[in-house]
Amino acid sequence: MRDNVVIVTGASRGIGAELARQLATLGAQLTLAARDSAALEAVAAECRQFGATVLVVPTDVARESDCRALIEQTIMRFGRLDTLICNAGATMWARVDEIRDLGMLERIMAVNYMGAVYCTAYALPYLKASRGRIVGIASLTGLTGVPTRSGYAASKHAMRGFFDSLRIELDGSGVTVTMIYPGFVATGIRENATGPDGRPIRIDPLDPNRVMSVGECARQIVVATRRRSRDLVMTPTGKLAQLLKVFAPGLVDRLARRAIERVR
């Protein structure tokens with residue numbers, strides 16, 4: 001990844017921030033994108049301490065114009081683009097029959113799905129020129145439904161379908177697509193999860209001792225990115241669920257319910 005020009009969306013905290021730090025230690029040149037300018041600058045300062053050249057671009061990926069500007073500013077600064085990591089995400093914590101503000105589902109889809117689509121569409125010409133990489137940070141909920149995460153799961157299913165289709169279209173272009181499916185990770189995203197009333201719940205309902213560390217999650221993503229892996233399903237349970245879903249889908253449903261109950 002030395003001198004590889006990498007865009008990381010959702011880079012102000014959690015997985016995105018840790019990815020930026022780890023990529024900086026490998027000598028990557030970074031563009032960091034998120035809505036929180038102050039938090040982005042703090043992450044950028046850490047990356048610069050590792051010797052990385054860093055461009056900060058405040059971005060709301062739910063806005064097409066912001067995503068276009070993100071790509072354009074990266075090209076203006078570095079002259080090329082080698083890797084796009086679509087990490088920005090929004091989540092929820094509510095049963096469908098409890099939701100009082102359906103607009104929250106639109107916002108989640110706009111950030112998680114359309115944000116990835118916008119960034120990818122504008123980045124493609126430059127990634128084709130560099131025979132680069134696209135990395136989509138999805139979730140195990142992109143492989144199977146999970147209670148209280150319906151809108152989040154829907155957006156990650158959409159993301160998976162988009163990138164799986166794009167991978168086929170890009171065959172022979174030199175551009176690779178890597179899909180990442182983490183389980184529960186101590187990222188902080190759930191602290192900003194949306195509740196039934198459409199407002200942030202402001203607390204993390206998961207037990208931090210039962211989830212993967214953000215450092216380990218980012219490490220695995222970096223390895224998969226460097227190898228241009230097709231997919232990375234991070235947990236043994238997630239891998240097993242993909243096999244069971246074919247033969248015992250009801251069992252997978254029960255496992256998903258228990259997973260939520262176990263980490264609370």
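Okay, helices and strands first: these are DSSP runs, H or I over at least four residues for a helix, E over at least two for a strand, numbered from the N terminus. On that basis the chain has eight helices and seven strands. What you're looking at is a predicted model, so local features need pLDDT of at least 70 and side-chain atom pairs count only at pLDDT 80 or more, while totals for chains, interfaces and linings use all residues. Residues are numbered from 1 along each chain as its sequence is written, and side-chain values use heavy atoms, with hydrogens and water left out.

Let's do the overall picture. The chain has 264 residues, and 53% of them are buried. Buried means under 20% relative accessible area, exposed means over 50%, and partly exposed is in between, with a 1.4 Å probe and protein chains only. The accessible surface comes to about 12000 Å², and carbon and sulfur atoms own 51% of that. Those areas come from the Shrake-Rupley method with a 1.4 Å probe, and for residues only the protein chains shown count as cover. As for contacts, meaning heavy atoms within 4.5 Å, take the ones between residues at least 6 apart in sequence: 72% of those join residues at least 24 apart.

Now the inside. Nonpolar side chains tend to be buried together in soluble globular proteins. A nonpolar core here is a set of buried Ala, Val, Leu, Ile, Met, Phe, Trp, Tyr and Cys residues joined through side-chain atoms within 4.5 Å. So which residues touch the most other members of the largest core? They are Leu 81, Ile 134 and Phe 163, in a core of 44 residues. Two or more residues each come from strand 1 (5-9), strand 3 (54-58), helix 3 (64-78), strand 4, helix 4, helix 5 and strand 6. Helix 4 gives the largest share, ten residues. There's also a second, separate core of 34 residues, and Ala 11, Ile 15, Leu 32 and Ile 85 are among its members.

Stay with Phe 163 for a second. Leaving out residues up to four places away in sequence, Phe 163 touches Cys 86, Ala 116, Thr 120, Ile 134, Gly 136, Val 177 and Met 179. Phe 163 is also one of the buried residues of helix 5, along with others including Tyr 152, Met 159 and Leu 166. What covers those buried residues? The cover includes strand 4 (83-86), helix 4 (103-130), strand 5 (133-137), strand 6 (176-181) and strand 7 (231-233).

Quick check on the geometry of helix 5. The expected span of a helix is 1.5 Å times one less than its number of residues. For the 20 residues of helix 5 that should be 28 Å, and the end C-alpha atoms are 29 Å apart, which agrees.

On to charges. Side chains of opposite charge can pair when their charged atoms come close. I'm calling it a salt bridge when a side-chain nitrogen of Lys or Arg is within 4 Å of a carboxyl oxygen of Asp or Glu. How many does that rule give? Ten salt bridges.

One of them is in helix 5: Asp 164 and Arg 160 pair up at 3.7 Å, N to O. The two are four residues apart in helix 5 (residues 150-169), so about one helical turn separates them. Asp 164 is partly exposed at 23%, and Arg 160 is partly exposed too, at 30%. Elsewhere, shared partners join Glu 18, Arg 21 and Glu 46 into one salt-bridge network.

Within that network, Glu 18 and Arg 21 meet at 3.1 Å, N to O. They sit three residues apart in helix 1 (residues 14-25), so again about one helical turn lies between them. Is Glu 18 buried or exposed? Buried, at 16% relative accessibility. Beyond the residues up to four places away in sequence, Glu 18 touches Val 214, Gly 215 and Ala 218.

Then there's Arg 80 with Asp 82, closest N and O atoms 2.9 Å apart. Arg 80 is partly exposed at 33%, whereas Asp 82 is buried at 10%.

Last stop is Thr 9, in strand 1. Thr 9 is buried, with a relative accessible area of 3%. A polar atom of its side chain lies 3.0 Å from the backbone nitrogen of Ala 88. The C-alpha atoms of Thr 9 and Leu 32 are 6.2 Å apart, with their positions 23 residues apart along the chain.

Terms used
A polar contact is a pair of N or O atoms within 3.5 Å; within protein, one must be able to donate a hydrogen and the other to accept it, and residues adjacent in sequence count only if both atoms are side-chain atoms.
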